[in-house]
Every structure is written in structure tokens, then in C-alpha cells.
Amino acid sequence: MSRKMIIAGNWKMNKTPSEARAFVEELKPLVAGADAEVVCCVPAIDIIPAVEAARGSNIVIGAENMYFEEKGAFTGEISPDMLVDAGVTYVILGHSERREYFAETNETVNKKVLKAFEHGLKPIICCGETLTQREQGITIDWIRQQIKIAFLGVTAEQAKAAVIAYEPIWAIGTGKVATAEQAQEVCGAIRSLIREIYGDDTAEAIRIQYGGSVAPKNAGEIFSQPDIDGGLVGGASLKPEFGQVVNWK
Ligand code: PGA
């Protein structure tokens, strides 16, 4: 089975609504012929202008986070219905910055994953190890634990639509990209785990991205690995060079 590549930008806390609109307009012609799904995951307040600017193009808009309750007294949170109504397709869940600065855990990520599927949103589920964990040789165990918990209660049909982003924390925003071998090793282990849980069909369908200092100069080597189906791109997704990452072939 051939999986469609998915290249997603993660804007993090960057770009105002008017900058978002202008950037999506600028990006449209740069990615128009892409042989991959092109996603921009943007701050909540940028979603509506980004969706409007992307209309009629091959760019789809994602969110960077979402809460696991339907509605109510959760000041400052964004619900799944709000995202769906605004035109969002994908939602990043469990990014390492959310885990580190906003106390997200494997358990809250799991609740969010289940809620996203309930509303037809496709989660981009993040996992990744620290440098200490890598040096201790526990990377694969750690990632398996993160993924096992994130997928508790998720059906095989749902899992097929999920995206997993493997992002070694030591490679995020540091310019220290993992080698293609390191990235492939972990992404291959993630696919094996999905095979253990759900079987071959789901393992072949699910898309696994690499993230961490992806840039035009390293995208080709990483994206051509057999178990890597695209990337989650931070810094390089904020500039027109995102078009080069998308057109890596
Ligand atoms: P980076 O961020 O590409 O700037 O390293 C990736 C991410 O955190 O998703």
C-alpha cells in the first residue's frame, strides 16, 4: 500500500491573524503541485483567516491543540466543535512543548485523541524522547509507552486516519536534526507497535512523520526513509522555504 505523504507546518505561537492570511496566500502557489498533503497548523486565533485564505487550494488548516471536554467552564480552552465549525481538519495533540510547559500527560493526550476522533478531527499525535533518555538507551521503550497510552480505546478504523509525529525533543528548534537512520529506527519501531496492536492493515495505513529541525536541506534524506511519511515542521514552516520542504522530491 502506498501512503500519501503529509507535510505539516506547526506555527507554534507565531503570526498574527493578518500575517496568517498573507502567509497562506503567499504559500498557495508554492505548494500547488505538491505530491503530499499540505497542512498548516496555526494558533487558534489564526484559524479562520487561514481557512479563508486557503479556500480552493490544496492547503488544509490544522489546530495546535484542543481540549477534551465538549463545552463549559474551561476558560481559555478551545473545543472540538469550535475547530470543526471553523474548518479545521487536523489537530496536533501532545506536542512536547504542551507536555513540558502546560502539564500535558499521556493520559490527557489520550482523552484528547478520543475526543478528536469523536468529532471527525484527525489527530497528529506527538511523541519523542529527551537527550538524556536517548543516552540512557530507553528511547524505544519510552516512545512505545507514549503511543500505547495515546491509543487506548482507539479503534483500528480510527487509527488508520491518525498521524503520529516522532519528534526527538533534542532536535526541536535546535538545528540538530536526527540522522535519517535514527529517525527511521524509531518510526519503524512505532509502525511495528501499531502492527502489534492493530494488525497489518492499520500499520500500513497510518502515517508517521518525523519532526525536529526539518529544513529544505535535510527533508529529502529523511522523507525518503521507508517508515517516514512526511514531517512536522516548526521554524521552516513560517517562511516561503516551507514550499521547498513540501516539494522535497
Ligand atoms: P522545528 O520544530 O522544526 O522548529 O524543530 C518542530 C516541532 O516542534 O514541531
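# Briefing: ligand site, two helices and some single residues

Lys 12 counts as partly exposed, with a relative accessible area of 22%; on this scale buried means under 20%, exposed over 50% and partly exposed in between, computed with a 1.4 Å probe on the protein chains only. The model is a predicted one, in which local features need pLDDT of at least 70 and side-chain atom pairs count only at pLDDT 80 or more, while totals for chains, interfaces and linings use all residues. Residues are numbered from 1 along each chain as its sequence is written, and side-chain values use heavy atoms, with hydrogens and water left out. Here is a tour, starting with the ligand.

**Around the ligand**

- Thirteen residues may sound like a crowd, but the ones that come nearest to the ligand, of the 13 around it, are Lys 12, His 95, Glu 167, Gly 173 and Ser 213. A residue counts as near if one of its heavy atoms lies within 4 Å of the molecule.
- The backbone of Ser 213 offers a polar atom 2.7 Å from an oxygen atom of the ligand. The term polar contact stands for a pair of N or O atoms within 3.5 Å; within protein, one must be able to donate a hydrogen and the other to accept it, and residues adjacent in sequence count only if both atoms are side-chain atoms.
- Asn 10 uses its side chain instead: a polar atom there lies 3.4 Å from a ligand oxygen.
- Gly 234 has a backbone N or O atom 2.8 Å from an oxygen atom of the ligand. Taken alone, the ligand exposes 280 Å², and the protein buries 95% of that; these areas come from the Shrake-Rupley method with a 1.4 Å probe, and for residues only the protein chains shown count as cover.

**The loop between S1 and H1**

- Lys 12 sits in the loop between S1 and H1. Helices (H or I, at least four residues) and strands (E, at least two) are DSSP runs, numbered from the N terminus.
- The phi of Lys 12 is near 55 degrees, a positive value in a residue other than glycine.
- Lys 15 lies in the loop between S1 and H1, and has a positive phi of about 80 degrees although it is not a glycine.
- Most residues other than glycine have a negative phi.
- Lys 15 is partly exposed, at 23% relative accessibility.

**Helix H1**

- H1 covers residues 17-31, 15 in number, and spans 21 Å from first to last C-alpha, close to the 21 Å expected at 1.5 Å a residue. The expected span is 1.5 Å times one less than the number of residues.
- Its buried residues are Ala 20, Phe 23, Val 24, Leu 27, Lys 28 and Val 31. They cover an arc of only 155 degrees around the axis, which puts them on the same side of H1; the arc is that of the directions from the helix axis to the C-beta atoms.
- An α-helix has 3.6 residues a turn, so residues three or four places apart point the same way.
- On the face turned away from the buried side, H1 carries the exposed residues Ser 18 and Pro 29.
- The cover over the buried residues of H1 includes strand S2 (37-42), helix H2 (47-54), strand S3 (59-63) and helix H12 (242-246).
- Leu 30, also in H1, is partly exposed at 36% relative accessibility. Apart from neighbours within four places in sequence, Leu 30 is in contact with Pro 240, Gly 243 and Asn 247, where contact means heavy atoms within 4.5 Å.

**Helix H7 and Glu 129**

- H7 (residues 139-150) has twelve residues and reaches 17 Å from first to last C-alpha, close to the expected 16 Å.
- Thr 139, Ile 143, Gln 146, Ile 147, Ile 149 and Ala 150 are buried in H7. Among the elements that cover them are helix H5 (106-118), strand S5 (122-127) and helix H9 (180-198).
- Glu 129 is found in the loop between S5 and H6 and is buried, at 0% relative accessibility.
- The side chain of Glu 129 makes polar contacts with the side chains of Arg 134 (2.8 Å) and Trp 170 (2.9 Å).
- Glu 129 also touches residues of H7, including Thr 139 and Ile 143.

**Arg 3**

- Arg 3 comes in the segment before strand S1 (6-10).
- Its side chain makes a polar contact of 2.9 Å with the side chain of Asp 229.
- A polar atom of the Arg 3 side chain also lies 2.9 Å from the backbone oxygen of Glu 204.
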